[in-house]
Amino acid sequence: MELQPILLPGIENARPLLIAGPCSAETEAQVMDTARQLASKNVKIFRAGIWKPRTKPGGFEGVGVQGLQWLKHVKAETGMYVATEVATSRHVDEALGNGIDLLWVGARTSANPFAMQEIADALHGVDVPVLVKNPVNPDLELWIGAIERIYNAGIRHIAAVHRGFSMYDKNMYRNHPQWHIPMELRRRLPQLPIICDPSHIGGKRELIAPLAQQAMDLNFDGLIIETHAHPEQAWSDAAQQITPDILEYIMHTLVIRDTNQSTENLAQLRKQIDEYDAGLLETLAARMRVAKEIGRYKKEHNMPVLQTTRYDEILQKYVAQAAQLGISPDFIQTIFVAIHEESVRHQMEIMR
Ligand code: PEP
Ligand code: MN
């Protein structure tokens, strides 16, 4: 792909490219209040969703086209560039017809090739930067496919937005970062700018600063941060929005390291290791929860905790698989014996 950087006249090409604004446009007053504060802090690109994909019907689904007039007002008064989310060809036509400068495609849309193709078709022959959020599920190929559809429509100013991945298991994040996925995207498409969305990864404002710092340490190109004049009163994503003052503070405290290539690669590899280790821990915890569930079942049905034939079979299977995966069988044996011991310990506790 022959991608080009997202260069907008009047915006320095420095890291991080910053996009800020509310999750949703709610009222003209809320949009203008937030936009004026952000402009006074030198933010150049303003975001606001006007069509909101909500999990269930009946929630606040965005103000719709009237919000485009408010974004026009932001642009005319503050000179900021304005960005909004599009999910259908009608959204694209309406946004472009009303002077929206950047479009983003949300995580639910990028997971759907039909929707992506519809948007791509609507973008044929248009020159507008498009940001493609990762699909909700951790599928790098699907993300790249969504980006390719936009590229094939002739768009050359594309950026990826990493907003984390939805996980069944609860953890500290709203959407798990799985940093190795955007890192692999960078390896596959080195020219593609990658912007981090710490708001949707963290789901709570306290996590925005550390996540933004991690993104900078991993050499991300930009940040998109949900910012609202009165975050606690926001009509959507209230827990993860911050005020323009806090945004300014976070941006000032961010350390932008100008690392050389070799230590940068090392840092990225270490990040991947950390990511896998965190995944191992979460998997172990989930496994122990299931073991306890089995313990409760055995107790109710008067079954013994230890059923050795099943355990032997499993162990032999893993030891054989380990050899095929290039891991030493002894190592796998040690690990699984330890895991099994811990499971049995949990089940014995339940039996008591
Ligand atoms: C958003 O940016 O407000 C949004 C809906 O994001 P996502 O698609 O990442 O959930
Ligand atoms: Mn949001």
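Cys23 and His200 are both buried in this predicted model, and both belong to a metal site. The manganese ion (ligand 2) is coordinated through SG of Cys23, NE2 of His200, OE of Glu226 and OD of Asp237, with distances of 2.1 to 2.4 Å. Along the chain, these donors are spaced as C-x176-H-x25-E-x10-D. Cys23 sits in the loop between strand E1 (17-21) and helix H1 (28-40), while His200 is part of helix H8 (residues 198-202), so the pair ties together parts that lie 177 residues apart in sequence. For anyone setting up the site for calculation, the backbone of one donor deserves a look: Asp237 has a positive phi of about 50 degrees although it is not a glycine. Asp237 is found in the loop between E8 and H10.

That loop also holds Ile242. Ile242 has a relative accessible area of 3% and is therefore buried, the limit being under 20%. Once its neighbours within four places in sequence are left aside, the contacts of Ile242 are Arg205, Ile208, Ile225, Glu226, Thr227, His228, Pro231, Leu247 and Ile250. One of these, Glu226, is also a donor to the manganese ion (ligand 2). Another, Ile225, is 17 residues away along the chain, and its C-alpha atom is separated from that of Ile242 by 8.3 Å.

A further residue in contact with Ile242, Ile208, leads on to helix H9 (residues 208-217). The buried residues of this helix are Ile208, Leu211, Ala212, Gln213, Ala215 and Met216. They pack against E7, H8, E8 and H10. After H9 comes Asn219, with a positive phi near 70 degrees.

Turning to the strands, E6 (residues 158-162) is largely enclosed by the rest of the structure, because five of its five residues are buried. In a regular strand the side chains alternate between the two faces of the sheet. In E6, both faces are covered: one side carries Ile158, Ala160 and His162, the other Ala159 and Val161, and all are buried. Strand E5 (residues 130-133) runs parallel to E6 and is joined to it by four bridges. Within this pairing, Val130 has Ile158 of E6 as its bridge partner. Between the two strands the chain passes through helix H6 (residues 140-152), in a β-α-β crossover that is right-handed. E6 also pairs with strand E7 (residues 194-196), again in the parallel sense, over three bridges. Here the bridge partner of Ala160 is Ile194 in E7. With helix H7 (residues 180-188) between them, E6 and E7 make a right-handed β-α-β unit.

The aromatic side chains give a count of four pairs. One of them joins Phe60 and Trp235 in an edge-to-face arrangement, with 5.1 Å from centre to centre and 85 degrees between the planes. This pair links distant parts of the chain, 175 residues apart: Phe60 is in the loop between strand E2 (45-47) and helix H2 (66-78), and Trp235 in the loop between strand E8 (222-226) and helix H10 (244-253). Trp235 has a relative accessible area of 44%, so it counts as partly exposed. A ring also takes part in a contact of another kind, as Arg156 lies over the face of Tyr151, at 3.6 Å from the ring centre.

Two more backbone features are worth noting. Arg15 and Pro16 are joined by a cis peptide bond, with omega about -10 degrees, and Pro16 is found in the segment before E1. Asn42, in the loop between H1 and E2, has a positive phi near 75 degrees, in a residue other than glycine. The relative accessible area of Asn42 is 55%, so this residue is exposed.

For the chain as a whole, the secondary structure comes to 13 helices and eight strands. Its C-alpha atoms fill a box of roughly 75 × 45 × 40 Å along the principal axes. The chain has 352 residues, of which 47% count as buried. Of the contacts between residues at least 6 apart in sequence, 73% join residues at least 24 apart.

How values were computed. Residues are numbered from 1 along each chain as its sequence is written. Chains are lettered from A and ligands numbered from 1 in the order in which they are written. This is a predicted model: local features need pLDDT of at least 70, side-chain atom pairs count only at pLDDT 80 or more; totals for chains, interfaces and linings use all residues. Side-chain values use heavy atoms; hydrogens and water are left out. Donors are N, O and S atoms within 2.8 Å of the metal (3.2 Å for Na, K and Ca); water is not among the atoms, so sites may look incomplete. Buried means under 20% relative accessible area, exposed over 50%, partly exposed in between (1.4 Å probe, protein chains only). Two strands pair if DSSP finds at least two bridges between them. A crossover is right-handed if, with the strands pointing away from the viewer, the path from the first strand over the helix to the second runs clockwise. Rings of Phe, Tyr and Trp (its six-membered ring) pair if their centres lie within 6.5 Å; planes under 30 degrees apart count as stacked, over 60 as edge-to-face and the rest as tilted. A charge sits over a ring if NZ of Lys or CZ of Arg is within 6 Å of the ring centre and within 35 degrees of the ring normal. Contact means heavy atoms within 4.5 Å.
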